[in-house]
Amino acid sequence: MEELLEILRDMHPDVDFETEEHLIDNGILDSLDIVSLISEISENFDVTITARDIVPENFNSAQALYDLVRRLEDEG
Amino acid sequence: MLFTSYGFLGFTAALFLLYYLLPKRCQQPLLLGASCLFYLAAGPGYILYILTTALTVWFAGVRMGKNAVEASAWLKEHKEELSREERKAYKEGRKRVRRRWLAGCLLLNLGILAVVKYLNFIIANWNAVLTAAGRTGQLSFFALALPLGISFYTFQAVGYLVDVYRGTVEAEKSPLRFLLFISFFPQLIQGPISRYGDLGKTLYAPHGFDAKQVSFGLQRMLWGYFKKLVLADRILAAVMTVVGDVGTYQGAYAAVGMLFYTVQLYADFTGGIDVTIGLAQALGITVKENFVRPYFSKSLKEYWRRWHISMCSWFRDYLFYPISTSGAMQRFTKFTRKRLGDKIGRRLPVYLSSFVVWFSTGLWHGASWNFIVWGLLNYAVLMLSEELEPLYERFHKRFAVKGKLWYRLFQVGRTFLLVCVLNIFDCYATLGETVRAIGSVFTVRNWSVLWDGSLLKLGLTGLDYGILAGGCALMLGVSLVQRGGSVRERIHEKPYWARFVLWYGLFLAVLLMGAYGVGYDQSQFIYNRF
């Protein structure tokens, strides 16, 4: 989780990712951020996030994103 | 059948009566019949195109859905017997089959769109290359008519197909229900490009007569007609005069043309969508919003989140994300990060994918270089502002202007002017004329035409300007009030007499101030031609 938070903080230092739960709904992460984020995640974790996974529910909070990464890791 | 024709009003009224008078089980067949009739009115031959798209996409969807269900059941049954790798290999094998259905169906339907919409454009460019190279043997053009709403219904069908492939919606089993989704007439000719998961929720449900929903729907239609008939069709005369003769109308005239076209485009497109959403609402069906006060945007990026939302989100979900997150792009990212460093390597995939999206967005609007350049200019501005982001941050750290009213107004004004300039690429006959007109704003000094009466010679009288000013003020006022919630809900809370005066007044305004008159030509909606 800490690794993921670091990636997010690197993109938007001014956002409190531990409490923010509307990253997409509030327009904090836009489509360009999401693509950068996916590329960072694939670089640091052994998972592939595809276009199918890009729905607000998976990206609205750091926790949701972390859950997605864990789920994809489990699916292998 | 144009939304502004008497035929359409009669057709809608008849449908409306039957819809609520007949038993509820008749509503779906009635809507489908009405949609087919609406389509047939455009020309009997066109219906073959939409039927081909509907049937092929429906069939491919059913096959993909069946494949996914069978795969899931088989895996459940054999879960204990298989290793993780075997399960993965099985899943991949079944997915490959679904991918073939997806690719084949996409190829067919996007191929049809490409041929009818772009073949002659490709031939024209090929011929131009031959001429430039001094070669003879020009290719001749094909007599292809563009089927009504093909860009909209093809995209809607493709969105559904990809959603079924991704497993985010279940495949529709009934071909007739699917045909209704594709051909639902209020949104057939200018969108919005609905998602099956959204529209399907209310499209197939039986609807009882709900007086509030029906009156809200009709009120929204009336507001749409006001924008289209009183404002868009009135200002059209001046826009046509200015863009029709770039040699005469330069400098201040060209600037006025840009401003007027931006007003026309807003009134025309949002007005048309108001009619669509209002009509659907009167029938109990929810069509998603396509605009959120776009001209209040503080940047071009924000503007594209608030203007033609269904098209933008289509390009984002079905083109931008698939390209930018594809395996090839991920490998390319790794490669560029290694060779060019993190900073550039991180940006390149986004910039490449965005380029494809904006090129396609331009091309979607029309088979012309005007539209392609318009798309790429949007791309250039968006990417430039991305690059300048650190500079903005430094500026805002130094000067505490962010959030102040005057600065927000400045940002809105700046974005509006930018949109005015970009929009004009729709209008002039050629790219050369567009560049000449924009250039003339900076080189030709004739600003006195703004106050010496010259503007009264553009096809608009003083009364027309008065009506336009009043109408624009009303649109602005409605948008400002809308920020605090639904305007119709607020009006609904007023006493009966106040509501009557307001809606009857708007009705009279459409009737008396609509741009009809002698020789009135029902202008088609701008987005009908896309």
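In the predicted model, helix α13 of chain B, residues 342-365, packs against helix α14 of chain B, residues 369-387. The axes of these two helices are 7 Å apart and enclose an angle of about 150°. The crossing of α13(B) past α14(B) is right-handed. On the side of α13(B), the contact is formed by Y351(B), S354(B), F355(B), W358(B), F359(B), T361(B), G362(B), L363(B) and H365(B). The partners contributed by α14(B) are F371(B), I372(B), W374(B), G375(B), L376(B), N378(B), Y379(B) and M383(B). Sorted by type, the residues of this contact comprise eleven nonpolar and six polar ones, with no charged residue.

A second helix of chain B, α7, covers residues 196-203. Within α7(B), the residues Y196(B), L199(B) and L203(B) are buried. Because these three residues span an arc of only 85° around the helix axis, they lie on the same side of α7(B). The elements against which the buried residues of α7(B) pack are α5, residues 150-166, and α6, residues 175-183, both of chain B.

Chain B as a whole contains 20 helices and zero strands. Its C-alpha atoms occupy a box of roughly 85 × 65 × 65 Å along the principal axes. The radius of gyration of chain B is 26 Å, which agrees with the value near 24 Å expected for a compact globule of 530 residues. Of these 530 residues, 35% are buried. Among the contacts in chain B with a separation of 6 or more, 77% are made by residues 24 or more positions apart.

Chain A is likewise described by its helices: there are four of them, and zero strands. Read from the N terminus, the order of elements in chain A is α-α-α-α. The radius of gyration of chain A, 11 Å, is close to the 11 Å given by the globule rule for 76 residues, so chain A is as compact as a globular protein of that length. The C-alpha trace of chain A extends over about 35 × 25 × 20 Å along its principal axes. Buried residues account for 29% of the 76 residues of chain A. For contacts in chain A with a separation of 6 or more, the share that comes from residues 24 or more positions apart is 60%.

One residue of chain A was examined individually. F17(A) is located in the loop that links α1, residues 2-11, to α2, residues 31-44, of chain A. F17(A) is classed as buried because 20 C-beta neighbours lie inside 10 Å. When neighbours within four places in sequence are left aside, the contacts of F17(A) are with L5(A), L8(A), R9(A) and A62(A). The C-alpha atom of F17(A) is also 8.9 Å from that of Q63(A), a residue 46 residues away along the chain.

The two chains touch each other. In this interface, 13 residues of chain A are in contact with 15 residues of chain B. The side of chain A that touches chain B is made up of six nonpolar residues, six polar residues and one charged residue.

Definitions and conventions:
Residues numbered from 1 in each chain as written. Chains lettered and ligands numbered in written order. Predicted model: local features only at pLDDT ≥ 70, side-chain atom pairs only at ≥ 80, totals over all residues. Axes fitted to C-alpha atoms, helices over the stretch in contact; angles between N-to-C directions. Helix = DSSP H or I, 4+ residues; strand = E, 2+ residues; numbered from the N terminus. Left-handed = near helix turned anticlockwise from the far one by under 90°. Contact = placed C-beta atoms within 7 Å. Nonpolar A, V, L, I, M, F, W, Y, C, P; charged D, E, K, R; others polar. Buried ≥ 20, exposed ≤ 12 C-beta atoms within 10 Å, placed from the backbone. Arc of directions from axis to C-beta. Rg over C-alpha atoms; globule rule 2.2 N^0.38 Å.
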